[in-house]
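Me: Take me through the empty space in this model, please. I want a close look at the cavities and pockets, and then at the packing around them.

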Amino acid sequence: MTRLPDFRLETYLSRWEFTARHHLTASDVRTMSLRDLLALADDADRTAFETLSLGYTETFGDPELREVIAGTYERVRADDVICFAGAEEGLYLAMNVLLGSGDHAVVATPNYQAAETVPLALCEVTGVALDEGRDWALDLDRVAAAIRPNTRVVSVNFPNNPTGKVIPAADFTALAEMCDERGIHLFSDEVYRGLERDPARTLPQAADLSERALSLNVTSKSLGLPGLRIGWIACRDRALRSRLERAKHYTSICNAAPSEVLARIALKARGTILERNRALIAEQLPLFDAFFAGFPGLFEWQAPDGGCVAWPRYLGADGVEEFCARLVAEAGVLLLPASAQRSELTATPQDRFRIGVGRPDAGEALAVFADWLRTRHPAAATTATALAV
């Protein structure tokens, strides 16, 4: 395994995720039980799950699952899909296949830490920060300026984690064309696709725009099924897909057979699940709007364009790191401080924290959060705070 730095985000979550009473920084939408998921299955898939043989599966992934995945794209066929044990394995192996010591990558920030630390362990990397002053816009001129003759990968993530930004479709299409013109692989993390507040803003998928592009997705985020550990990359470059399969022989080899059948069921019911999850977020966001309106001197808040995470600013004099540490220790409410999503490539804000808006118990967590704030910052609260609960 390539030598990698400590995974700050996952280390922080490992400390608190299963011990904090209120997980208010979840990066996935609400989950469902096995019983509820099986209730969405047709007779054939339910029988397939109940009679499943627990042997090895194909390295590329279950053929029926890949067929269903391909159906979520416009120009992708089942043979263009390879499945992984979650999105992280796909990201890790793709970067190791695409990049060598003499190569160069361009990575948009902020992001999920592995999006930059894995490439950094392999080659030179240039970061291009989303423009905070322009609603987290991606400046295509800055991307073009960062590209070198040896650039092999441009990596982006929309809807973005942690900002919730969705860029215009015209910009995303122009980015894919820019990469194609230069022979660069566009690596597009699309794990929050389907949770756009305005469905009209849903971006095209990179693998549909370019034969060289890689679209990364997973059942964990938009579908709210992280326990399945099923992710995939769609890419119409057959030679690259073959290299990804050979790389996977050194990691998971193949996916868990029960998870592949369950993922197939979930993806067939994708429309139903996504509609439910978008409705949940729409119901939750007014609670967050009211909560942050109740503490105008402490926070700057902006609802996400898509996905189920947002990145508010904390204005308190104690700083966001101490604020988050005391909140979880004293009130049991978990947020993710800026240090956990700090970029090594660009200057990223150090006064922000990640908050999740996709869980149905947010009202209870926000009530505890508000009570704690009223005790610590009584002068900052307004009567509007009561609306949050």
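Reply: A cavity is a set of points, on a 1 Å grid over the protein atoms alone, where a 1.4 Å probe fits but cannot get out; a pocket is an open set with protein on both sides within 12 Å along at least five of seven lines; lining residues have an atom within 4 Å of a point. Grid points are joined across faces, edges and corners, and a volume is the space filled by probe spheres set on the points. The model is predicted: local features need pLDDT of at least 70, side-chain atom pairs need 80 or more, and totals for chains, interfaces and linings use all residues. Residues are numbered from 1 along each chain as its sequence is written, and side-chain values use heavy atoms, without hydrogens or water.

Start with the enclosed space. Five cavities of 30 Å³ or more are counted. The largest cavity has a volume of about 100 Å³. Its lining is made of Thr72, Tyr73, Arg193, Gln205, Asn217, Val218, Ser222, Leu223, Trp232, Leu267 and Arg270. By class, that lining has five nonpolar, four polar and two charged residues (Ala, Val, Leu, Ile, Met, Phe, Trp, Tyr, Cys and Pro are nonpolar; Asp, Glu, Lys and Arg are charged; the others, Gly among them, are polar).

Now the open space. The largest pocket has a volume of about 690 Å³. It is lined by 29 residues, and Glu10, Ser27, Ser220, Lys221 and Pro226 are the closest to its centre. The lining divides into twelve nonpolar, seven polar and ten charged residues. Helix H1 (8-16), helix H5 (87-98) and strand E7 (214-218) each supply at least two of them (helices, H or I of at least four residues, and strands, E of at least two, are DSSP runs numbered from the N terminus).

H5 also packs on helix H10 (residues 238-248), at an angle of about 115° and with the axes 9 Å apart (axes are lines fitted to C-alpha atoms, for helices over the stretch in contact; angles run from 0 to 180 degrees between N-to-C directions). H5 is therefore roughly perpendicular to H10 (65 to 115 degrees; under 35 is roughly parallel, over 145 roughly antiparallel, the rest oblique). This crossing of H5 and H10 is right-handed (the near helix is turned clockwise from the far one by less than a right angle; anticlockwise is left-handed).

A second pair is H4 (residues 63-70) and H11 (residues 257-268). They pack at about 25°, axes 9 Å apart. So H4 runs roughly parallel to H11. The H4 and H11 crossing is left-handed.
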